[in-house]
Number of protein chains: 2
Amino acid sequence: MRNRTERLLVIKSIISSQKISSQEELLKLLEAKNFNYTQATLSRDLKFLKVNKIADPGKGYIYKLPDLPVTETSEIAESHAAKGFVSIQFSNKLGVIKTLPGYASSIAMLIDSANPFEIIGTIAGDDTILVIPNENITEKDVINSLVLIIPELKNKLD
Amino acid sequence: MRNRTERLLVIKSIISSQKISSQEELLKLLEAKNFNYTQATLSRDLKFLKVNKIADPGKGYIYKLPDLPVTETSEIAESHAAKGFVSIQFSNKLGVIKTLPGYASSIAMLIDSANPFEIIGTIAGDDTILVIPNENITEKDVINSLVLIIPELKNKLD
DNA sequence: AGTTGAAATGAATATTTATTCAAAATGAGG
DNA sequence: CCTCATTTTGAATAAATATTCATTTCAACT
(Lines give C-alpha, C1' and ligand atoms only; values in the text may rest on other atoms or scores of the structure.)
Protein backbone atom coordinates (compact mmCIF):
# COMPACT_ATOMS: atom_id res chain seq x y z
CA MET A 1 0.00 0.00 0.00
CA ARG A 2 2.07 2.84 -1.25
CA ASN A 3 1.09 6.11 -2.84
CA ARG A 4 -0.84 7.09 -5.89
CA THR A 5 2.03 8.50 -7.89
CA GLU A 6 4.11 5.43 -7.46
CA ARG A 7 1.14 3.34 -8.44
CA LEU A 8 0.58 5.32 -11.61
CA LEU A 9 4.17 4.83 -12.62
CA VAL A 10 3.97 1.11 -12.03
CA ILE A 11 0.78 0.92 -14.04
CA LYS A 12 2.44 2.67 -16.94
CA SER A 13 5.34 0.33 -16.83
CA ILE A 14 3.22 -2.79 -16.62
CA ILE A 15 0.99 -1.75 -19.47
CA SER A 16 3.86 -0.85 -21.70
CA SER A 17 5.64 -4.12 -21.11
CA GLN A 18 2.86 -6.70 -21.28
CA LYS A 19 -0.55 -7.38 -22.67
CA ILE A 20 -3.18 -6.74 -20.05
CA SER A 21 -6.77 -7.40 -20.88
CA SER A 22 -8.76 -6.38 -17.87
CA GLN A 23 -8.58 -4.25 -14.79
CA GLU A 24 -8.93 -7.34 -12.62
CA GLU A 25 -5.84 -8.77 -14.23
CA LEU A 26 -3.88 -5.60 -13.70
CA LEU A 27 -5.13 -5.44 -10.15
CA LYS A 28 -3.57 -8.80 -9.39
CA LEU A 29 -0.23 -7.79 -10.84
CA LEU A 30 -0.30 -4.70 -8.68
CA GLU A 31 -1.10 -6.77 -5.63
CA ALA A 32 1.92 -8.90 -6.39
CA LYS A 33 3.96 -5.73 -6.10
CA ASN A 34 2.25 -4.79 -2.85
CA PHE A 35 -0.14 -2.27 -4.22
CA ASN A 36 -3.47 -3.08 -2.68
CA TYR A 37 -6.24 -1.11 -4.27
CA THR A 38 -9.64 -1.73 -5.74
CA GLN A 39 -10.97 -1.82 -9.24
CA ALA A 40 -12.62 1.57 -8.73
CA THR A 41 -9.29 3.20 -8.12
CA LEU A 42 -7.76 1.46 -11.07
CA SER A 43 -10.53 2.67 -13.31
CA ARG A 44 -9.76 6.22 -12.24
CA ASP A 45 -6.05 5.71 -12.75
CA LEU A 46 -6.52 4.45 -16.26
CA LYS A 47 -8.75 7.37 -17.05
CA PHE A 48 -6.16 9.73 -15.67
CA LEU A 49 -3.39 8.15 -17.70
CA LYS A 50 -5.59 8.19 -20.78
CA VAL A 51 -4.94 4.52 -21.17
CA ASN A 52 -7.27 2.84 -23.61
CA LYS A 53 -8.49 -0.59 -24.47
CA ILE A 54 -8.12 -1.76 -28.00
CA ALA A 55 -8.73 -4.92 -29.99
CA ASP A 56 -5.71 -7.18 -30.15
CA PRO A 57 -5.34 -10.23 -32.33
CA GLY A 58 -5.12 -13.08 -29.88
CA LYS A 59 -5.79 -11.50 -26.54
CA GLY A 60 -9.17 -10.05 -27.49
CA TYR A 61 -8.60 -6.66 -25.95
CA ILE A 62 -5.56 -5.10 -24.38
CA TYR A 63 -4.74 -1.85 -22.66
CA LYS A 64 -2.54 0.61 -24.43
CA LEU A 65 -0.76 3.78 -23.39
CA PRO A 66 -1.82 6.82 -25.37
CA ASP A 67 0.08 7.41 -28.55
CA LEU A 68 2.31 10.40 -28.63
CA PRO A 69 0.73 13.12 -30.73
CA VAL A 70 1.63 12.47 -34.31
CA THR A 71 2.50 15.94 -35.50
CA GLU A 72 5.59 16.71 -33.54
CA THR A 73 6.72 13.17 -32.95
CA SER A 74 8.16 12.37 -36.29
CA GLU A 75 11.46 10.61 -36.41
CA ILE A 76 12.88 13.85 -37.66
CA ALA A 77 11.75 15.85 -34.65
CA GLU A 78 13.01 13.12 -32.37
CA SER A 79 16.45 12.84 -33.85
CA HIS A 80 16.68 16.61 -34.00
CA ALA A 81 15.89 16.62 -30.29
CA ALA A 82 18.35 13.85 -29.57
CA LYS A 83 21.06 15.69 -31.44
CA GLY A 84 20.45 18.98 -29.65
CA PHE A 85 20.20 17.48 -26.21
CA VAL A 86 23.31 18.01 -24.14
CA SER A 87 22.55 17.16 -20.53
CA ILE A 88 20.06 17.24 -17.73
CA GLN A 89 20.65 18.14 -14.13
CA PHE A 90 18.32 18.43 -11.18
CA SER A 91 18.14 20.92 -8.39
CA ASN A 92 15.39 21.57 -5.91
CA LYS A 93 13.00 19.23 -7.66
CA LEU A 94 13.48 21.03 -10.93
CA GLY A 95 15.21 19.71 -13.99
CA VAL A 96 17.47 21.80 -16.14
CA ILE A 97 18.23 20.59 -19.61
CA LYS A 98 21.12 22.10 -21.49
CA THR A 99 20.92 21.98 -25.27
CA LEU A 100 22.97 23.12 -28.20
CA PRO A 101 22.33 26.81 -28.99
CA GLY A 102 18.89 27.30 -30.50
CA TYR A 103 17.59 23.84 -29.75
CA ALA A 104 15.83 24.52 -26.48
CA SER A 105 12.42 25.59 -27.69
CA SER A 106 11.93 22.81 -30.20
CA ILE A 107 12.91 20.17 -27.67
CA ALA A 108 10.65 21.73 -25.08
CA MET A 109 7.79 21.73 -27.54
CA LEU A 110 8.35 18.07 -28.18
CA ILE A 111 8.19 17.32 -24.48
CA ASP A 112 5.12 19.46 -23.98
CA SER A 113 3.30 17.85 -26.84
CA ALA A 114 3.84 14.41 -25.37
CA ASN A 115 2.32 15.72 -22.18
CA PRO A 116 3.55 13.02 -19.81
CA PHE A 117 1.96 13.27 -16.41
CA GLU A 118 5.39 13.22 -14.83
CA ILE A 119 6.08 16.70 -16.17
CA ILE A 120 3.80 19.63 -15.51
CA GLY A 121 5.45 21.91 -18.00
CA THR A 122 8.62 23.38 -19.41
CA ILE A 123 10.07 26.79 -20.01
CA ALA A 124 12.67 27.19 -22.71
CA GLY A 125 15.23 29.82 -23.45
CA ASP A 126 17.77 29.47 -26.24
CA ASP A 127 19.92 26.65 -24.92
CA THR A 128 18.28 25.85 -21.59
CA ILE A 129 15.02 24.23 -20.64
CA LEU A 130 13.51 24.32 -17.20
CA VAL A 131 11.53 21.15 -16.57
CA ILE A 132 8.91 21.28 -13.86
CA PRO A 133 8.12 17.80 -12.59
CA ASN A 134 4.84 16.86 -11.03
CA GLU A 135 4.66 16.35 -7.28
CA ASN A 136 6.32 13.24 -5.93
CA ILE A 137 8.06 12.54 -9.20
CA THR A 138 11.66 11.50 -8.86
CA GLU A 139 14.55 12.38 -11.13
CA LYS A 140 14.48 8.85 -12.39
CA ASP A 141 10.82 9.17 -13.31
CA VAL A 142 11.51 12.31 -15.28
CA ILE A 143 14.32 10.65 -17.12
CA ASN A 144 12.29 7.57 -17.92
CA SER A 145 9.60 9.78 -19.25
CA LEU A 146 12.04 11.69 -21.44
CA VAL A 147 13.41 8.48 -22.85
CA LEU A 148 9.90 7.41 -23.77
CA ILE A 149 9.48 10.63 -25.70
CA ILE A 150 12.93 10.66 -27.28
CA PRO A 151 14.17 7.07 -27.37
CA GLU A 152 17.55 8.05 -28.72
CA LEU A 153 18.30 9.76 -25.44
CA LYS A 154 18.74 6.37 -23.87
CA ASN A 155 22.45 6.39 -24.75
CA LYS A 156 23.13 9.85 -23.42
CA LEU A 157 21.39 9.20 -20.14
CA ASP A 158 22.87 6.11 -18.60
CA MET B 1 -30.98 -1.55 -42.63
CA ARG B 2 -28.20 -1.68 -45.13
CA ASN B 3 -25.03 -3.70 -45.21
CA ARG B 4 -22.13 -4.13 -42.89
CA THR B 5 -19.49 -2.45 -45.00
CA GLU B 6 -21.55 0.64 -45.46
CA ARG B 7 -22.25 0.68 -41.76
CA LEU B 8 -18.55 0.47 -40.91
CA LEU B 9 -17.82 3.43 -43.13
CA VAL B 10 -20.54 5.48 -41.53
CA ILE B 11 -19.28 4.57 -38.08
CA LYS B 12 -15.82 5.76 -39.01
CA SER B 13 -17.14 8.99 -40.31
CA ILE B 14 -19.33 9.66 -37.30
CA ILE B 15 -16.59 8.92 -34.84
CA SER B 16 -14.09 11.08 -36.62
CA SER B 17 -16.45 14.02 -36.78
CA GLN B 18 -18.04 14.12 -33.34
CA LYS B 19 -17.58 13.16 -29.75
CA ILE B 20 -19.42 9.95 -29.01
CA SER B 21 -19.38 8.58 -25.52
CA SER B 22 -21.28 5.35 -25.62
CA GLN B 23 -22.40 2.69 -27.99
CA GLU B 24 -26.03 3.51 -27.21
CA GLU B 25 -25.42 7.05 -28.36
CA LEU B 26 -23.80 5.93 -31.56
CA LEU B 27 -26.61 3.46 -32.09
CA LYS B 28 -29.13 6.27 -32.13
CA LEU B 29 -27.15 8.27 -34.65
CA LEU B 30 -27.01 5.23 -36.86
CA GLU B 31 -30.74 4.74 -36.57
CA ALA B 32 -31.22 8.30 -37.68
CA LYS B 33 -29.39 7.32 -40.85
CA ASN B 34 -31.50 4.20 -41.25
CA PHE B 35 -29.06 1.72 -39.94
CA ASN B 36 -30.99 -0.45 -37.54
CA TYR B 37 -28.73 -2.70 -35.59
CA THR B 38 -28.15 -3.66 -32.00
CA GLN B 39 -25.50 -2.85 -29.47
CA ALA B 40 -24.01 -6.31 -29.88
CA THR B 41 -23.27 -5.64 -33.51
CA LEU B 42 -21.86 -2.25 -32.74
CA SER B 43 -19.52 -3.71 -30.18
CA ARG B 44 -18.21 -6.07 -32.82
CA ASP B 45 -17.87 -3.25 -35.34
CA LEU B 46 -15.86 -1.12 -32.97
CA LYS B 47 -13.61 -4.03 -32.19
CA PHE B 48 -13.10 -4.63 -35.88
CA LEU B 49 -12.29 -1.00 -36.54
CA LYS B 50 -9.95 -0.97 -33.55
CA VAL B 51 -11.81 2.02 -32.27
CA ASN B 52 -11.02 2.83 -28.68
CA LYS B 53 -12.49 4.72 -25.82
CA ILE B 54 -10.38 7.32 -24.15
CA ALA B 55 -10.73 9.91 -21.42
CA ASP B 56 -11.81 13.28 -22.71
CA PRO B 57 -11.89 16.50 -20.72
CA GLY B 58 -15.55 17.38 -20.58
CA LYS B 59 -17.30 14.42 -22.14
CA GLY B 60 -15.85 11.86 -19.73
CA TYR B 61 -15.00 9.29 -22.36
CA ILE B 62 -15.14 9.40 -26.11
CA TYR B 63 -14.48 6.98 -28.93
CA LYS B 64 -11.46 7.52 -31.08
CA LEU B 65 -10.25 6.04 -34.33
CA PRO B 66 -6.89 4.32 -34.05
CA ASP B 67 -3.92 6.56 -34.54
CA LEU B 68 -1.90 6.02 -37.64
CA PRO B 69 1.32 4.26 -36.70
CA VAL B 70 3.81 6.87 -35.65
CA THR B 71 6.97 5.69 -37.37
CA GLU B 72 6.08 6.18 -40.98
CA THR B 73 3.48 8.85 -40.52
CA SER B 74 5.72 11.77 -39.91
CA GLU B 75 4.94 14.96 -41.69
CA ILE B 76 7.99 14.27 -43.74
CA ALA B 77 6.76 10.91 -44.96
CA GLU B 78 3.38 12.39 -45.71
CA SER B 79 4.58 15.32 -47.68
CA HIS B 80 7.03 13.08 -49.48
CA ALA B 81 4.08 10.90 -50.40
CA ALA B 82 1.97 13.85 -51.44
CA LYS B 83 4.74 15.16 -53.62
CA GLY B 84 5.31 11.82 -55.35
CA PHE B 85 1.65 11.06 -55.89
CA VAL B 86 0.55 11.66 -59.47
CA SER B 87 -2.86 10.09 -59.96
CA ILE B 88 -5.18 7.24 -59.20
CA GLN B 89 -7.43 5.35 -61.55
CA PHE B 90 -9.71 2.40 -61.05
CA SER B 91 -10.41 -0.59 -63.19
CA ASN B 92 -12.10 -3.85 -62.32
CA LYS B 93 -12.32 -2.98 -58.64
CA LEU B 94 -8.60 -2.35 -58.48
CA GLY B 95 -6.90 0.96 -57.98
CA VAL B 96 -3.79 1.98 -59.82
CA ILE B 97 -1.75 4.82 -58.44
CA LYS B 98 0.83 6.44 -60.63
CA THR B 99 3.73 8.13 -58.87
CA LEU B 100 6.86 9.98 -59.79
CA PRO B 101 9.69 7.54 -60.59
CA GLY B 102 10.98 5.85 -57.45
CA TYR B 103 8.16 6.98 -55.17
CA ALA B 104 5.90 3.97 -55.44
CA SER B 105 7.31 1.77 -52.73
CA SER B 106 7.54 4.43 -50.07
CA ILE B 107 4.00 5.59 -50.72
CA ALA B 108 2.76 2.01 -50.68
CA MET B 109 4.50 1.41 -47.38
CA LEU B 110 2.81 4.45 -45.93
CA ILE B 111 -0.57 3.13 -47.01
CA ASP B 112 0.14 -0.35 -45.73
CA SER B 113 1.29 0.93 -42.39
CA ALA B 114 -1.95 2.83 -41.91
CA ASN B 115 -3.74 -0.42 -42.58
CA PRO B 116 -7.19 1.00 -43.34
CA PHE B 117 -9.82 -1.68 -43.58
CA GLU B 118 -10.87 -0.31 -46.93
CA ILE B 119 -7.63 -1.54 -48.47
CA ILE B 120 -6.50 -5.14 -48.26
CA GLY B 121 -3.03 -4.50 -49.55
CA THR B 122 -0.83 -2.89 -52.15
CA ILE B 123 1.84 -3.96 -54.58
CA ALA B 124 4.37 -1.40 -55.69
CA GLY B 125 6.73 -1.22 -58.62
CA ASP B 126 8.86 1.81 -59.30
CA ASP B 127 6.23 4.34 -60.29
CA THR B 128 3.02 2.34 -60.03
CA ILE B 129 1.08 0.99 -57.09
CA LEU B 130 -1.66 -1.56 -57.36
CA VAL B 131 -4.24 -1.00 -54.64
CA ILE B 132 -6.46 -3.91 -53.74
CA PRO B 133 -9.64 -2.69 -52.07
CA ASN B 134 -11.68 -4.78 -49.70
CA GLU B 135 -14.98 -6.24 -50.88
CA ASN B 136 -17.82 -3.81 -51.34
CA ILE B 137 -15.56 -0.83 -51.07
CA THR B 138 -16.20 1.88 -53.60
CA GLU B 139 -13.70 4.08 -55.37
CA LYS B 140 -14.88 6.93 -53.22
CA ASP B 141 -14.19 4.93 -50.07
CA VAL B 142 -10.66 4.19 -51.21
CA ILE B 143 -10.05 7.81 -51.95
CA ASN B 144 -11.43 8.97 -48.62
CA SER B 145 -9.22 6.51 -46.93
CA LEU B 146 -6.16 7.74 -48.83
CA VAL B 147 -6.93 11.31 -47.90
CA LEU B 148 -7.10 10.31 -44.27
CA ILE B 149 -3.63 8.84 -44.56
CA ILE B 150 -2.15 11.62 -46.67
CA PRO B 151 -4.19 14.76 -46.00
CA GLU B 152 -2.31 16.77 -48.57
CA LEU B 153 -3.80 14.61 -51.28
CA LYS B 154 -7.09 16.37 -50.78
CA ASN B 155 -6.14 18.98 -53.37
CA LYS B 156 -5.01 16.52 -56.00
CA LEU B 157 -8.09 14.38 -55.69
CA ASP B 158 -11.09 16.59 -56.11
C1' DA C 1 -2.09 18.77 18.44
C1' DG C 2 -6.64 20.63 16.31
C1' DT C 3 -9.11 22.40 12.23
C1' DT C 4 -10.24 22.71 7.67
C1' DG C 5 -10.44 21.86 2.73
C1' DA C 6 -8.98 19.06 -0.91
C1' DA C 7 -7.69 14.69 -2.78
C1' DA C 8 -7.84 9.74 -2.72
C1' DT C 9 -10.15 5.66 -1.86
C1' DG C 10 -13.50 1.54 -1.17
C1' DA C 11 -18.02 -0.66 -1.26
C1' DA C 12 -21.85 -0.93 -3.60
C1' DT C 13 -24.08 -0.10 -7.65
C1' DA C 14 -25.20 1.66 -12.19
C1' DT C 15 -23.75 1.67 -16.61
C1' DT C 16 -21.55 0.07 -20.43
C1' DT C 17 -19.60 -3.34 -23.29
C1' DA C 18 -18.42 -8.18 -24.75
C1' DT C 19 -19.83 -12.79 -25.57
C1' DT C 20 -22.77 -16.83 -25.98
C1' DC C 21 -25.90 -19.29 -28.38
C1' DA C 22 -29.35 -19.80 -31.71
C1' DA C 23 -31.34 -17.99 -35.72
C1' DA C 24 -31.12 -15.53 -40.29
C1' DA C 25 -28.78 -14.08 -44.18
C1' DT C 26 -25.48 -14.70 -47.79
C1' DG C 27 -22.87 -17.03 -51.31
C1' DA C 28 -20.81 -20.84 -53.88
C1' DG C 29 -21.50 -25.01 -56.17
C1' DG C 30 -24.17 -28.46 -57.84
C1' DC D 1 -33.73 -23.60 -57.11
C1' DC D 2 -31.53 -26.65 -53.40
C1' DT D 3 -27.85 -27.92 -50.27
C1' DC D 4 -23.93 -26.74 -47.39
C1' DA D 5 -20.69 -23.72 -45.29
C1' DT D 6 -19.68 -19.26 -43.74
C1' DT D 7 -20.79 -14.82 -42.11
C1' DT D 8 -23.69 -11.67 -39.88
C1' DT D 9 -26.90 -10.61 -36.54
C1' DG D 10 -30.14 -10.17 -32.26
C1' DA D 11 -31.68 -11.39 -27.61
C1' DA D 12 -30.22 -12.44 -23.48
C1' DT D 13 -26.65 -12.55 -20.41
C1' DA D 14 -22.09 -12.34 -18.62
C1' DA D 15 -18.34 -9.59 -17.85
C1' DA D 16 -16.05 -5.45 -17.38
C1' DT D 17 -15.85 -0.73 -16.22
C1' DA D 18 -17.46 3.86 -14.40
C1' DT D 19 -19.64 6.45 -10.90
C1' DT D 20 -21.97 7.63 -6.57
C1' DC D 21 -21.71 8.46 -2.01
C1' DA D 22 -19.61 8.08 2.30
C1' DT D 23 -15.29 7.72 4.54
C1' DT D 24 -10.51 8.25 5.13
C1' DT D 25 -6.12 10.39 4.26
C1' DC D 26 -3.23 14.17 3.72
C1' DA D 27 -1.36 18.69 3.74
C1' DA D 28 -1.46 23.35 5.15
C1' DC D 29 -2.48 26.33 8.58
C1' DT D 30 -3.33 27.84 12.99
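Before we start, one definition: Ala, Val, Leu, Ile, Met, Phe, Trp, Tyr, Cys and Pro count as nonpolar, Asp, Glu, Lys and Arg as charged, and the others, Gly among them, as polar. Hi everyone, and please keep in mind that this is a predicted model.

Let's begin with the DNA. What surrounds DNA strand C? There are 19 residues around the strand, and the closest are A:R7, A:T41, B:S43, B:R44 and B:Y63. Of the strand's atoms that come within 4 Å of the protein, 60% belong to sugar and phosphate. By class, the surface near DNA strand C has six nonpolar, seven polar and six charged residues.

Now for some individual contacts. A:R7 places a polar side-chain atom 2.7 Å from a phosphate oxygen of DNA strand C. A:Y61 also faces a phosphate oxygen of the strand, with a side-chain N or O atom 3.4 Å away. For A:R44, the partner is a base oxygen, and the distance is 2.7 Å.

Which elements give two or more residues to this surface? They are α1 (4–17) and α3 (39–48) of chain A, together with α3 (39–48) of chain B. The largest share, five residues, comes from α3(B).

Let me finish inside chain B. Helix α1, residues 4–17, and helix α2, residues 23–32, have axes that come within 11 Å and cross at roughly 120 degrees. That angle makes α1(B) oblique to α2(B), and the crossing is right-handed. Here B:V10, B:I11, B:I14 and B:I15 from α1(B) meet B:L26, B:L29 and B:L30 from α2(B). The contact has seven nonpolar residues, no polar and no charged.

Thanks for listening!

Technical notes
Residues numbered from 1 in each chain as written. Chains lettered and ligands numbered in written order. Predicted model: local features only at pLDDT ≥ 70, side-chain atom pairs only at ≥ 80, totals over all residues. Heavy atoms only, no water. Axes fitted to C-alpha atoms, helices over the stretch in contact; angles between N-to-C directions. Helix = DSSP H or I, 4+ residues; strand = E, 2+ residues; numbered from the N terminus. Parallel < 35°, antiparallel > 145°, perpendicular 65-115°, else oblique. Left-handed = near helix turned anticlockwise from the far one by under 90°. Contact = heavy atoms within 4.5 Å. Near = heavy atom within 4 Å. Polar contact = N/O pair within 3.5 Å; in protein donor to acceptor, adjacent residues only side chain to side chain.
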